[in-house]
Amino acid sequence: MYGLVNKGIEQFIVARYGAPAWQRITERAGEVPEVFISMEAYPDPLTYSLVGAAVEELSVGAAELLEAFGEYWILYTAEQGYGGLLEVSGANLEEFLRNLDSLHARVALTYTELRPPSFKVVAAGERCVDLHYHSGREGLAPMMIGLLKGLSKRFDEPIEVEQTSARSQDAPYDVFRVTWV
Ligand code: 1DX
């Protein structure tokens, strides 16, 4: 994944658990670059091993950590030069979700090694939508829950999020039900 993600993980852990914790995590993870370059693509196993080492070092669950990082990502990207990208991608939560594919397409024009997820928004009633999350990567559904919670705060639109279907042998994608409350 692009360095922006690894840098975000570093910033998130330093902010939440302190620099010494990050130091221990990089030692546990093994081969970790001294600095991450946001606009450079790194192998996915590096990102997964950072998360794995953090889970062990901090005694938190992977899902809990990924969800918290997902929420952080919204604020982090806004302050890392992508505030304008987020702004043009929607004036409210539903519009933003409907524009996620075009957001990623825009990023991929410049960063050709991006492997963007793709999304489908399906109306599911007056106050609900189902978000279908297609990803080339495994295990990131908890991060999507945090991303949705971060968007809820960004737009000041209180929601509940529930994963109603998980990818598996028979299902190629995850589904999240978003309910405005
Ligand atoms: F609900 O499933 C809200 O490296 C959401 O694969 C979901 O393949 C917001 F310059 C610049 C760059 C860089 C900007 F190239 C990414 F470095 C992208 C900024 C998206 C804001 C996807 C990151 C692919 C890296 C799911 C989890 C990954 C998507 C990560 C969250 C807004 C982003 O993001 C998966 C990669 C950006 C950039 C956003 C993502 C890669 C998301 C969301 N994804 C890189």
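**Close-up 1. Helices α1 and α2 sit oblique to each other in this predicted model**. Here α1 (residues 3–17) packs against α2 (residues 19–29) at an angle of about 135 degrees, and the two axes are 7 Å apart. That angle falls between the ranges for roughly perpendicular (65 to 115) and roughly antiparallel (over 145), so the pair counts as oblique. On the α1 side, look for I9, E10, I13, V14 and Y17; on the α2 side, the contact uses A19, A21, W22 and I25. Sorted by class, this contact has eight nonpolar residues, one charged and no polar.

**Close-up 2. Helix α2 also meets α3, and this crossing is right-handed**. The partner is now α3 (residues 44–58), with its axis coming within 8 Å of that of α2 and crossing at roughly 120 degrees. That makes this pair oblique, too. From α2, the contact draws on A21, W22, R24, I25, R28 and A29, while α3 brings in S49, L50, A53, A54, E56, E57 and L58. Charge has a place here: four charged residues join eight nonpolar and one polar. A21, W22 and I25 of α2 are worth a second look, since they turn up in the contact with α1 and again in the contact with α3.

**Close-up 3. Helix α1 crosses α4 roughly at a right angle**. The axes of α1 and α4 (residues 62–88) come within 9 Å and cross at roughly 110 degrees, which puts them in the roughly perpendicular class, 65 to 115 degrees. The crossing is right-handed. Zoom in on α1 and you'll find L4, V5, K7, G8, I9, Q11, F12, R16 and Y17 in the contact; facing them from α4 are L65, A68, F69, Y72, W73, Y76, T77, Q80 and Y82. The tally by class is 12 nonpolar, four polar and two charged. I9 and Y17 of α1 take part here and in the contact with α2.

**Close-up 4. Y2 and Y111 make an edge-to-face aromatic pair**. The ring centres are 5.6 Å apart, with 70 degrees between the planes. Y2 belongs to the segment before α1, and Y111 to the loop between α6 (100–110) and β1, so this pair ties together parts that are 109 residues apart in sequence. The whole structure holds 11 aromatic pairs.

**Close-up 5. Four antiparallel strands build an open sheet**. Reading across, the order is β1-β2-β4-β3. At the edges are β1 (118–123) and β3 (159–165), each of which pairs on one side only. Ignoring direction, neighbouring strands are turned by 25 degrees against each other on average.

**Close-up 6. Strands β1 and β2 form a hairpin**. Six bridges hold the antiparallel pairing of β1 with β2 (residues 128–134). Two partnerships make handy landmarks: K120 stands opposite H132 of β2, and V122 has D130 of β2 as its bridge partner. Four residues lie between the two strands, and in the turn G125 has a positive phi of about 125 degrees.

Technical notes
Residues numbered from 1 in each chain as written. Predicted model: local features only at pLDDT ≥ 70, side-chain atom pairs only at ≥ 80, totals over all residues. Heavy atoms only, no water. Axes fitted to C-alpha atoms, helices over the stretch in contact; angles between N-to-C directions. Parallel < 35°, antiparallel > 145°, perpendicular 65-115°, else oblique. Contact = heavy atoms within 4.5 Å. Nonpolar A, V, L, I, M, F, W, Y, C, P; charged D, E, K, R; others polar. Pairing = 2+ DSSP bridges. Left-handed = near helix turned anticlockwise from the far one by under 90°. Phe/Tyr/Trp six-rings, centres within 6.5 Å; stacked < 30°, edge-to-face > 60°.
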